[in-house]
Amino acid sequence: MTTSIFRKSSNSKIQRQLLLLLLLSTVLPATIVGGYGFTAFSRVGSRALVEDFEEESVEQANAILELSENIEEDVDYLSHSYLVNGLLDAERNGGGSDGISAEAWKEQIAGNLETLIGVKTAYRKIRFVDETGQEIIRVQREALDSEEIERVSESERGNIRVQAYVAKGLTLEDGELHVSPIELRAENGELLQELGGINHYVEAVFDSVGQRRGMIVISVFATEMFEVVEEIEEDEVDEGEEEELYVINADGYYLKHEDEEKLWGFQLGTEESLQSDYSESAVETILSGELGVVESGPDLVAYAKVEPSENDDY
C-alpha cells in the first residue's frame, strides 16, 4: 500500500525520515476506551472514521513529499546546469571554450540563484561549495518570508567542510542526493530557535571529464513544510472535532508541536518526545510502522511515514 501511496526518487538518499502524526483527541468516548480498546471499537462500526483519519494523514504526508521532491529537482538542476559546467570548464581551461571568464560565470550563477531563492520562500540559502568545502557562491535570506535577498561577498563566505552535510556531500556519486536531518541551527555554540528547523539538500558537482568539483547546497526552512500540512489540516477538521498535528523525527522527538516547550528535545537536552507522551506500545507501533492508526489512552493517533527517497542512509 505504501509503495503506491508514496512516490519515490530512484537516485537519492535520505539521512533521516520524518513521521507525520495527527492526533484526534475526541474520537473515543471514555466508556469505549475503558471497555473495548481500538480493535473492538473499530468492529463496533467506526471503521469508516478510522479509514478517513488514516487517509488524512497520508494526504498530509504526501504534501511534504511533494515539496521535498520540488527541492530535490532544484538541487539536481543546479548541480548539472550549463552555468555551473561553464564555470568549471573556465577554471580548468583558463577561460572556457567560449572565452567567458570564471568570474563572469560566477556572476551569472549568482544572478540565477538570486532569482530562484526570490521565488522559493522556503529557501534559506543556496550555495555552490567547492571540493575543499569553501563557499564559492552564496545567496541567502535572513528570515522566513523575508523579501530581502543577499548575495554574500567573498570576504564573508567561509569554509564549511566541518559541517556534516558538507562532509557527506564530498562522498556522493553523480546524481546522488543527501538530505540532512531537520535541526536547529547553531551559531557560536548557541542554538538559534527563532529560525526554526533547518535542513540541507546536497548534490555533488562533477565537471565534464568526471572530476569531483564540489556540491550544490540548498538550505531550507522546515517551517515551510509544516505550513503546507497545516493548511490541509485547517480545511479538513470537522465541526466538533479537535485535531493536533505533530511532526517527529525517526527517534520520536518533536519537530512541530503546539507546545513549544516540547520541541527540539534531542538538541536542548530535554526528555520531551513521543515516548514521554504516549504508551510504550503505541510508540513502538508508530516508530516501526509505515502507515496506520493506533489508540493511546483517550487519543486516536493516525501516523504516516514520510520517505522522500527510495534508499535510506542512516
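Is Asp74 buried or exposed? In this predicted model, Asp74 is buried, because its relative accessible area is 13% and the cut-off for buried is under 20%. From there, this briefing moves on to helix H5, then to a cavity and a pocket.

**Asp74 and its surroundings**

- Asp74 belongs to helix H3, which runs over residues 38-79.
- Setting aside neighbours within four places in sequence, Asp74 is in contact with Leu116, Lys120, Tyr123 and Ile218.
- One of these partners, Leu116, is also among the buried residues of H5.

**Helix H5**

- H5 spans residues 102-119, 18 residues in total.
- From the first C-alpha of H5 to its last is 26 Å, close to the 26 Å expected at 1.5 Å a residue.
- The buried residues here are Ala102, Trp105, Ile109, Ala110, Leu113, Leu116 and Ile117. They sit on the same side of H5, because they cover an arc of only 135° around the axis.
- A reminder that helps when reading such a list: an α-helix has 3.6 residues a turn, so residues three or four places apart point the same way.
- Turn to the other side of H5 and you will find Glu103, Thr115 and Val119 exposed.

**The second largest cavity**

- The structure has two cavities of 30 Å³ or more, and the second largest has a volume of about 60 Å³.
- Its lining is made up of Tyr77, Leu78, Ser81, Leu83, Val84, Ile109, Asn112, Leu113 and Ile216.
- Elements giving two or more residues to this lining are H3, helix H4 (82-93) and H5.
- H5 contributes the most to the lining of this cavity, with three residues. Ile109 and Leu113 line the cavity, and both are also listed as buried in H5.
- By class, the lining of this cavity has seven nonpolar residues, two polar and no charged.

**The largest pocket**

- The largest pocket has a volume of about 610 Å³.
- Of the 26 residues that line this pocket, Gln163, Tyr165, Arg185, Ala186 and His200 lie nearest its centre.
- Two or more lining residues come from each of strand E3 (123-130), strand E4 (135-141), helix H6 (164-169), strand E7 (183-187) and strand E8 (190-206).
- E7 supplies the largest share of the pocket lining, five residues.
- The lining of the largest pocket comprises eight nonpolar, ten polar and eight charged residues, whereas the lining of the second largest cavity has no charged residues.

Terms used. Residues numbered from 1 in each chain as written. Predicted model: local features only at pLDDT ≥ 70, side-chain atom pairs only at ≥ 80, totals over all residues. Heavy atoms only, no water. Helix = DSSP H or I, 4+ residues; strand = E, 2+ residues; numbered from the N terminus. Expected span 1.5 Å × (residues − 1). Buried < 20%, exposed > 50% of the residue type's maximum accessible area, 1.4 Å probe, protein only. Arc of directions from axis to C-beta. 1 Å grid on protein atoms, 1.4 Å probe; cavity = no way out; pocket = protein on both sides within 12 Å on 5 of 7 lines; lining within 4 Å. Points joined across faces, edges and corners; volume = space filled by probe spheres on them. Nonpolar A, V, L, I, M, F, W, Y, C, P; charged D, E, K, R; others polar. Contact = heavy atoms within 4.5 Å.
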